[in-house]
Each structure stands twice: as C-alpha cells, then as structure tokens.
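Visitor: I am new to this structure and would like to learn how to read it, one feature at a time.

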Amino acid sequence: MKSWSRRIASPTHAALAALAALALQGAPAAAQGLAPGDYKVGFITENTGALASAGQSYWNGAQLAAEEVKATKYLGGASIVLEAKESGSDAARAIQNTNQFVADPSVLAVSCCILSPVAGSVKPIVNEAKTPLVIFGATAAGLPQPPYVYSMTILPGPKDTATAVKVVDAIKPKTAAYILAADNDAFKGRMNATREVLEGKGVATAGVVNVLTKDTDFTAAATQAMGLKPDVILVYATQGAAAGAITALHDRGYAKTIVGNDVLSPAPIFKKMGDTVVGVPFPVSFSDAIVETPEAKAFVAAYQKKFNAPPDIYSAQGYQVVWFIAQGMKSLSGKPTREALGAALAKVGTIEHQVYGGEVMKGGQAETTGTLVVSWSPEGKIVPWVAPK
Amino acid sequence: MQLFLEQLINGCALGSLYALFGLGFGIVFATLGILNAAHGSYASWAAIAALAAVEQLKLPFIPALLIGVLAGGLLAVVVDQVAFQPLRRRGTGMLGALITSIAFWIILDSLAGTATGQQSLSFPRGSYPGAMFHLGEIPLPAMQVITIGVMLGVTAGLHLLIRRSRFGAAMRAVGWNQTAASLGGVNPRYVVIVTAFIAGATSGLAGVLGGITTHNVSFLLGEGLLLKGFAAVVVGGYDDVRGTAVAGVGLGVLEVMSAQYLSSGLRDGITYALLLGFLLLRPRGLFGSLGFSRA
C-alpha cells in the first residue's frame, strides 16, 4: 500500500493514472453507447381546445418519429417513449403537466407548446429543473435558451416577407391593406416586418384592419378592408381567423390578390374552405405534395399509412422534435442525465434526420433553408404558386 | 357613405343572429324561470345536425335547415325534461337550475367537440344560397337577406303567439305562477315542453344560419352567441320579444360600427358596458314591463 502511494505520487505516474482513469471512465461507455431501455419524453399535447387541429398533427408526427427511432435502432437498444399529458393550450394545465414531468425522475426531456405565452410560462420551470424542453409550435423570439430550451418551430416571419416580396414582384401592386389579428404579438411583428419591406419597394399601405383571434364573423372586417381599395390584401392571423377573413373577402366579391401565411397549409383548411383558398399564395417549409429527399418521401408515406391522412407542417415539426432529441441522446453513453442531454442538444449543429431538405440549429432555434411559395389547387393539392395573368 | 351603409347591413345581419338566439333564451327565462347556460349548445348541435344533413344525407338548404332547427328543439326538450323537470318538481330555485345548466353546457359542448373532431367545420359552398344582390352600389349577400328576414319573421310570429294566442296566454300564466295556471285549466308540463322546444328551435335557427354565414361549425359556435344573446335579452327586456329583436340588432350594429370607426379591441367592451349600464339603470330593459319580477 505504501509502495503504491509512492508510485502515484510521482508526476509521471500521476499523469498515467489520470489517463487510465479517464480511459476507464470513457472507453467502456463509448463501446457500450447508450444503455438499452426505454427513455421517457414528456409530451404536452394540445389535442383539445381551439388549436386541437394543429395539436393533433404535432402529436401524430412525434409518435411516428418515436416509432421510427425504435424500428431503425437509431439508438441501438434504446428507444424513446412518449408520455402524453393534455393541456388544451391552457397555460395553467401546461404548467401543471410540466411540474409533474419534472418531478418524475424517469422523464428525460419535455416537449410542448403551440402558443408562445404558454411556452414562456413553462420555460422557467424547466430551466430551474435543468430539464431539456423542446418546443414544437411556439414562435416568439427569445424562447430558445440552450442548454435547456430549444425550438423546432420553423419561424414563419422571414418566409412571410419572402412570400410577400415574390407576390409584389409578380403583380406590381401600388397599395396593400393588411388584415391583422391584433391580439397576437407574433403576427403583429410579422406584419410590421413585411410592411416595412413592401413600403421600401414602393407599395403604400392603404390601411390595417384589426380582427381578434376569437372572432368568427369577418364580414365587417372584409368590408372594411375592401373599402380601402387596395391592390393586394395580406392576411396575418391565426388559422381560424385567416380562413374566415379570406372566405369573407371572397364572399363579398374581392377578386384581387390575397396573400396568406403558413397557417393555410394543413389539409383540413382546404377541406373547410374549399375553392375560397384556391390560388391564395402562402409560404411553407414543408408540404407533402412537394417533397424531394428520400427522408421526406419516407416520412410522407409512413405518416399516410399510419394516420390515413397526409402530414402537414405541424406534423413535420412534431416529427423533428423527437428526431432532434434522439440525435442528442445518440451522442451520450450509459444512462444519460437531463443535464447531459441538455449539453448534448446544445452541440447539435445540423439535424441528421430531417424532412425539409436542410435544417440547422442556431442558438437553440431550428432553421430551414429556402422558402416554397405555394397555393392550393382546385383539386386540393399544394402546388407552386403562379402569379395570375 | 357607401361603406357606412355596407357596414350597417353587416351589423343588422350579425345582430339578427344575436336577436334570434336571444329570443329563445328570453322565452326560457320568462316562462320557465331558467337562466339556461346550455342554451348555446343547442345552437352548436343544430348546426352540426344541419351540416351532417348536408354532407351525409346530401339534403339541400331548406330541409337541412329544418333538420337543424328540429334537432335544436328536441335537444332543448330532452335537456329540460332530464335536467330541469326534476328540479322543478322539487321546487328548487334559480340557482340550482343555473348550476345544472352549466353542467349540461359542459357535457354538450364536450360531445360537440368530439362530434366535430375538435375542428371548426363549414358548410360546403353551394349547399346554401350564395347569390349576391346589389342595392345600387351596395352588395347584399343572399345569406344576410335570409338571416334578417328570418329574424323579422320569427320575432313577429313569436310576438303574435305570446300576445295574441291562447297558448301564449298559457305561457305567460305558467311563467307567472305554475300552480295558479294549473288551477285555471292550463297543463303546465305541456306548456313547459312546447316552450322548451320553441326556445331550442330558435337557438338552432341562429346556430345554423350563424354556422353558414361565419363558416364556423364547432362547439364554440354557441358560446359566441350565448353572451351576446344574453346581452340582447337584458337590454331588450326579458318579457318582450320585440325588445330582444331590437336590442340584438342594435348590438350587432354597435359592434360592427365600433370596429369600423373606433377599434376592434373595444367592440366587446362597449357591448358589455352597455349590458352593465342597463342592469344598473334600467334592469327591465327597453321593452320590459315594470311588473316583471325576474329582472
């Protein structure tokens, strides 16, 4: 014992001992990879309430990804198991769900939130508990905060502006009116950014017509917008309000160009609105009708088979949440902790398995390359938008 | 001026929906003594039934509308007999009925959410009159004309029924005192059932027409009408359907004009300020009689 102590006391032997200790700590684990077993991810669903249509899509996409991670043995003998708790897009219920997930030591990470205020109310809880949170739908700036808060939401703002510019370049309007969900700060920011760019291109603002997210009757708002006599009307509102406003404009005989936003992309919108949405340009990062990569094609086919419906952008974002968490887990060894997973997710630069044709993480925020400007065809397919002649 | 007139018509059409809904709501309160929070659910279910008639049975507009109205009326009778009749028999007050109606509101809305897959659906274009008339330069969609016309017709019909018919006298007698009414030869149970049906049917009418014009058939449809319909009843007066009609249309016009000329954010604030003002300063409403005790 004395002799051993003397040996490690010498600098050379101390260095060797340290290397050996590092090797002992790292080598066997690297050889083993992630310890086999099920790893729980708490998923706060929004399958009821006003946003249930989108909520169901996120949840479907996430379930499909979890099954694929297991089936393809992406994590070897390990798999991701989603544990769902319903919030109905209600902040109080989301907070309660998060607290329950955080209190459960078997939950490795949490995913949640379509609405930014709800995500904002959950964020301090996960930061305090050092638990990774991956947001699937909320868009407010400043939500991502590595190493514990990440967002797989494809931010629509830059894509809105790109779409508006493409439309303006094609139809050369002199004036534009905006229909805005005034009680939604995210849409207000998106509209202002686009408005600034369009005014810079010489398109005067005829006026802004405010509606509220909970509104159901848009006849008066459509009348007000048409009364401004604009060459183009751009709609910045949530799904129900945007659908209602566009339908009301068409019902009242507005025949000029209307520009929508990404909320028009899910299939139920065409089913609900029918021909009123045909030809209305809007941006998408993902469309089941315009897929090129093998991953995207496989995703569309598997989703269609499992849910008997085509995936939409929300399904894609839910899908990417699970693949992002899986990628972080893959870089870990043994039984990962929440802190280790958070650190691993912070190191993810490029998403390996994605359906957009290119996705990177910047400061905890997912970003895709390129913007598809599309519209619904009379047959109910999403097709590249073509300017009216 | 043209914009003002267009918005005036929009306000009248929107207010006609509030008025139609408020008519049934007010009749139930005046006759049965129930502040029925589940009344909005009848509108949601009527719209769902009419939509199903269009999509599943491929029925045209008028038969689908009648199915929706019938569904609203029958649902109101079932809820009344299951939820309120036992309370009536035990002589519980308004509070018990209100709490029970809230429970049925939650149940019926949850079921409506399940029936629609938690989504907002809409009537297919072509399944309802979509023509656009023109009054000079002013566009007049067919559904707005129908909504305003139906509201005027139903109001006149209900007014005549309540004020000029034997059944109306029986309704008023039951509303005043059920025991005295039965001593006078009125069958209160029969009056209650028919009144519940009329109330549910008018709510259903508002639901179907509202579902078509707003392109929103969901469990939230009735909720939107409930508060505005209640405001129309309070402002118009509980015991006079003409007051409810005038107040409903007034609220619709006020809502549209305040969004056009002030701010959309103030719309609901103005409506509820008006409601509060009437409750404080003229609780019997515009047309309500002085002797009406429930206000």
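Guide: What follows takes up the numbering, then a sheet, then one residue, and then the contact between two chains.
Residues are numbered from 1 along each chain as its sequence is written, and chains are lettered from A and ligands numbered from 1 in the order in which they are written. This is a predicted model, in which local features need pLDDT of at least 70 and side-chain atom pairs count only at pLDDT 80 or more, while totals for chains, interfaces and linings use all residues.

Visitor: How are the strands E10, E13 and E14 of chain A ordered in their sheet?

Guide: Strands of a sheet pair through backbone hydrogen bonds, either parallel or antiparallel. Strands here are DSSP runs of E with at least two residues, helices are runs of H or I with at least four, both numbered from the N terminus, and two strands pair if DSSP finds at least two bridges between them. In chain A, the order E10-E13-E14 makes an open sheet of three strands with antiparallel pairing. Strand E10 (282–284) and strand E14 (382–384) of chain A stand at the edges, each with a single partner strand, so one side of each has no neighbour in the sheet. Between E10(A) and strand E13 (residues 372–376) of chain A there are three bridges, and A:Pro283 stands opposite A:Val373 in E13(A).

Visitor: Is A:Gly189 buried, exposed or partly exposed, and why?

Guide: A residue is buried if 20 or more other C-beta atoms, placed from the backbone, lie within 10 Å of its own, exposed if 12 or fewer, and partly exposed in between. A:Gly189 has 15 such atoms within 10 Å, so A:Gly189 is partly exposed; this residue lies in helix H7 (residues 185–200) of chain A.

Visitor: How many residues does each chain bring to the contact?

Guide: Two residues are in contact if their C-beta atoms, placed from the backbone, lie within 7 Å. Chain B brings 26 residues and chain A brings 24 residues.
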